[in-house]
Amino acid sequence: MRVDKFLNVVNITKRRAISEDMCRSGIVSINGNIAKASKEIKIGDVISLNLNSGVRSYKVLALPTVKNIAKTEQSKYVEVL
């Protein structure tokens with residue numbers, strides 16, 4: 001699954017376009033490497049967001065098969081580090 005789509009599906013960003021912009025501007029990194037929006041992620045990858053308020057890191061636990069998941073089910077797919 002693409003990193004921009006994953007960020008949107010697990011409700012880290014509200015829209016996929018926001019995820020794409022974050023990747024384009026170098027905010028998103030996967031396992032320490034800056035990621036393009038089309039970068040494929042795997043289970044076990046660590047996604048880091050370098051925001052003004054600090055760095056947020058998420059570990060991928062599972063890849064969702066549905067388009068949108070509830071905010072309460074987010075912990076099934078990502079672990080906040």
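These are my notebook entries on the sheet, the nonpolar core and one buried aspartate in a predicted model.

**Entry 1: the sheet**

I started with the strands. I found an open sheet of five, in the order β2-β1-β3-β4-β5, with antiparallel pairing. The edges are β2 (33–34) and β5 (78–80), and each of them pairs on one side only. I then looked at β3 and β4. They run antiparallel, and six bridges join them. I picked out asparagine 50 and found its bridge partner in β4, valine 55.

**Entry 2: the core**

Next I looked up the largest nonpolar core, which has 19 residues. Which members touch the most others? They are Val3, Val28, Ile47 and Leu49. Two or more residues each come from α1 (3–9), α2 (16–24), β1 (28–30), β3 (46–51) and β4 (54–60). Helix α1 gives the most, with three residues. My course notes fit here: in soluble globular proteins, nonpolar side chains tend to be buried together.

I followed isoleucine 47 further. I left aside its neighbours within four places in sequence. Its contacts then include Val3, Phe6 and Leu7, as well as Val28, Ser29 and Ile30. Arg56, Ser57, Tyr58 and Val60 are also among them.

**Entry 3: aspartate 4**

I turned to aspartate 4, in helix α1. Is it buried or exposed? Aspartate 4 counts as buried because its relative accessibility is 0%, and the cut-off for buried is under 20%.

I checked its side chain for polar contacts. One of 3.1 Å joins it to the side chain of arginine 2. Another, of 3.3 Å, joins it to the side chain of arginine 16. Not counting residues up to four places away in sequence, aspartate 4 touches Arg16, Ser19, Glu20 and Ala37.

Terms used. Residues are numbered from 1 along each chain as its sequence is written. This is a predicted model: local features need pLDDT of at least 70, side-chain atom pairs count only at pLDDT 80 or more; totals for chains, interfaces and linings use all residues. Side-chain values use heavy atoms; hydrogens and water are left out. A nonpolar core is a set of buried Ala, Val, Leu, Ile, Met, Phe, Trp, Tyr and Cys residues joined through side-chain atoms within 4.5 Å. Buried means under 20% relative accessible area, exposed over 50%, partly exposed in between (1.4 Å probe, protein chains only). Helices (H or I, at least four residues) and strands (E, at least two) are DSSP runs, numbered from the N terminus. Contact means heavy atoms within 4.5 Å. Two strands pair if DSSP finds at least two bridges between them. A polar contact is a pair of N or O atoms within 3.5 Å; within protein, one must be able to donate a hydrogen and the other to accept it, and residues adjacent in sequence count only if both atoms are side-chain atoms.
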